Amino acid sequence: MIRIGTLGLLAGLLPGLAAAADIAGTRAAIGRSLDAQYSHIDALYKDIHTHPELSFQEARTAARLAAELKALGYEVTEGVGRTGIVALYRNGPGPTVMVRTELDALPLEEKTGLPYASKARQMLRGVETPVMHACGHDIHMAAWVAVARTMLDLKEQWSGTLMFVGQPAEEAGGGARAMVADGLFTRFPKPDYGFALHVGPGPYGTVSYKPGVINSTSDSFLVTFNGKGGHGSRPHTAIDPIMMAGRFIVDVQSVISREKDSARFGVVSIGSVQAGNAGNVIPDTATLRGTIRSWDNDTRLRMLAGVERTAKAVAMMAGAPPPDYRLTPGAKAVVNDDALAARSGAVLKAAFGDKARLNAEPGSASEDYSEFVIAGVPSFYFGIGGLDPAEFAKAIASKTAVPGNHSPEFAPVPEPSIRTGAEAMSLVVLDVLQKK
């Protein structure tokens, strides 16, 4: 596995844009394309932000993006993997390059105070819930459309096939798998290279990347503790499932502190607890939903076994029937192709200088882009910052937390974030599609 120390040395070994003297000129041409289209991209971004949609419910979002790429001249197919879209543009012989964006948002009430903040609501598990683009997928979509046009503006510089993929249900998981199952790589050309990006709570204008494993696996679980309901004044006549749920929430963390190797990453989080609807009634059941994350499979398997065993032990201690336990395998770790990461990383370093940063370790979040990697697409997945650098520096200096992904206050600064994403993506795509 390649470990990049000095990217400047690698750049001298590469035949791509990173080794070319004209990378500044290429970036300037990308900038001119973005200047010409940015007012449209800004309006698109704000429209998407105002109208977010949950996983597999992204009908409006998908239709909007499909219309954008059709207008540019791409051959667009809708309804791939339920609500996904695929857009192709053929520009002579050469490799097929996939550029992916996510379409979905999160079940959160927005608290950013932005003038275009979301007030959208959708149904989730039978309950109406507020919806927000709290993970930055709206930034990704805007940059994706900008890259789609930029590549056409610069089409004299490259040769090959572009494959722009709008993927549903990244947040809930299953969207990438659904697209693959629906023939993403059989009905359409299988890409020679794949690219994706993600905005995060770093300074805008920066890009980050690494070869190899870049994030964690994520498995979800549901536990229902089966008790015996009763009156709150007579708990001895009941078996309290809320007590079991509370004990499980505390005890399951011993799997992390005592069962897994302390030198290896692993985390268990409980994100939903549902039980009863009256303060003086002990309910029959309590249901919890959570996630299990890790970087390596040995740690993952140990944690999966520990979580299930803890749930069963808690029920046994309470004299209750065994709990209903359901594990849903989720996204696997995204693994960047070493050679492509070295090549694309050198391009980014040459273009962005010290604002291009090599990550030392994987992140703890998860992402089902891994399904495309597992399907055999050599890929480069990288990050961009989205926050005002001065505000970010002030927060770091004062040790104040900044709102990050999945926070109801997460608000990337649109124009510099979108421009950075579009510039970086255009550069790495141009690099692998350059004419021989």
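**Salt bridges, one sheet and a surface patch**

Let's start with one residue. Arg-64 is partly exposed, at a relative accessible area of 26%. Keep in mind that this is a predicted model.

What does Arg-64 pair with? Its partner is Asp-47, in a salt bridge whose closest N and O atoms are 2.7 Å apart. This pair links distant parts of the chain. Asp-47 sits in helix α2, residues 23-50. Arg-64 sits in helix α3, residues 59-72. The two residues are 17 apart in sequence. Is Asp-47 buried or exposed? Buried, because its relative accessible area is 16%, and the cut-off for buried is under 20%.

Over the whole structure, there are 21 salt bridges. I'll take two others.

Next pair: Arg-177 and Glu-371. Their side chains meet in a salt bridge, 3.2 Å from N to O. Where do the two residues lie? Arg-177 is in helix α5, residues 175-181, and Glu-371 is in helix α10, residues 370-374. They are 194 residues apart in sequence, so this pair ties together parts that far apart along the chain. Now the accessibility. Arg-177 is partly exposed, at 39%. Glu-371 is buried, at 14%.

The next pair sits within one helix. Arg-419 bridges to Glu-415, with the closest N and O atoms 3.0 Å apart. Both residues belong to helix α12, residues 414-433. They are four residues apart, about one turn of the helix. Arg-419 is buried, with a relative accessible area of 18%. Glu-415 counts as partly exposed, at 33%.

Back to our opening residue, and a network. Which residues are joined into one network by salt bridges that share partners? Asp-47, Arg-60, Arg-64 and Glu-68.

On to the sheet. It is open, with four strands in the order β12-β14-β10-β15. The pairing is antiparallel. Which strands are at the edges? β12 and β15, the latter spanning 324-328; each pairs on one side only. On average, neighbouring strands are turned by 20 degrees against each other, direction ignored.

Look at the β12 end. β12 pairs with β14, residues 285-294, in the antiparallel sense, over eight bridges. One position to find on screen: Ser-269 stands opposite Thr-291 in β14.

What lies across this sheet? Helix α8, residues 297-317, lies across β10, β12, β14 and β15. The helix runs at about 10 degrees to β10, which spans 217-226.

Stay with β12 for the patch. Val-273 lies in this strand, residues 266-274. Together with Ile-249 and Val-250, Val-273 makes a nonpolar surface patch of about 250 Å². How does Val-273 qualify? Its relative accessibility is 48%, so Val-273 counts as partly exposed, and patch residues need over 30%.

Last, a distance. Glu-391 is in helix α11, residues 389-397. Its relative accessibility is 47%, so Glu-391 counts as partly exposed. How far apart are the C-alpha atoms of Glu-391 and Ser-159? They are separated by 42 Å, with the two positions 232 residues apart along the chain as the sequence separation.

That's the tour. Questions, please.

Note on methods
Residues are numbered from 1 along each chain as its sequence is written. This is a predicted model: local features need pLDDT of at least 70, side-chain atom pairs count only at pLDDT 80 or more; totals for chains, interfaces and linings use all residues. Side-chain values use heavy atoms; hydrogens and water are left out. Patches are made of residues with over 30% relative accessible area and no salt bridge: like charges are joined within 9 Å, nonpolar side chains (Val, Leu, Ile, Met, Phe, Trp, Tyr) within 5 Å. Accessible areas come from the Shrake-Rupley method with a 1.4 Å probe; for residues, only the protein chains shown count as cover. A salt bridge is a side-chain nitrogen of Lys or Arg within 4 Å of a carboxyl oxygen of Asp or Glu. Buried means under 20% relative accessible area, exposed over 50%, partly exposed in between (1.4 Å probe, protein chains only). Two strands pair if DSSP finds at least two bridges between them. Axes are lines fitted to C-alpha atoms, for helices over the stretch in contact, and angles run from 0 to 180 degrees between N-to-C directions. Contact means heavy atoms within 4.5 Å.
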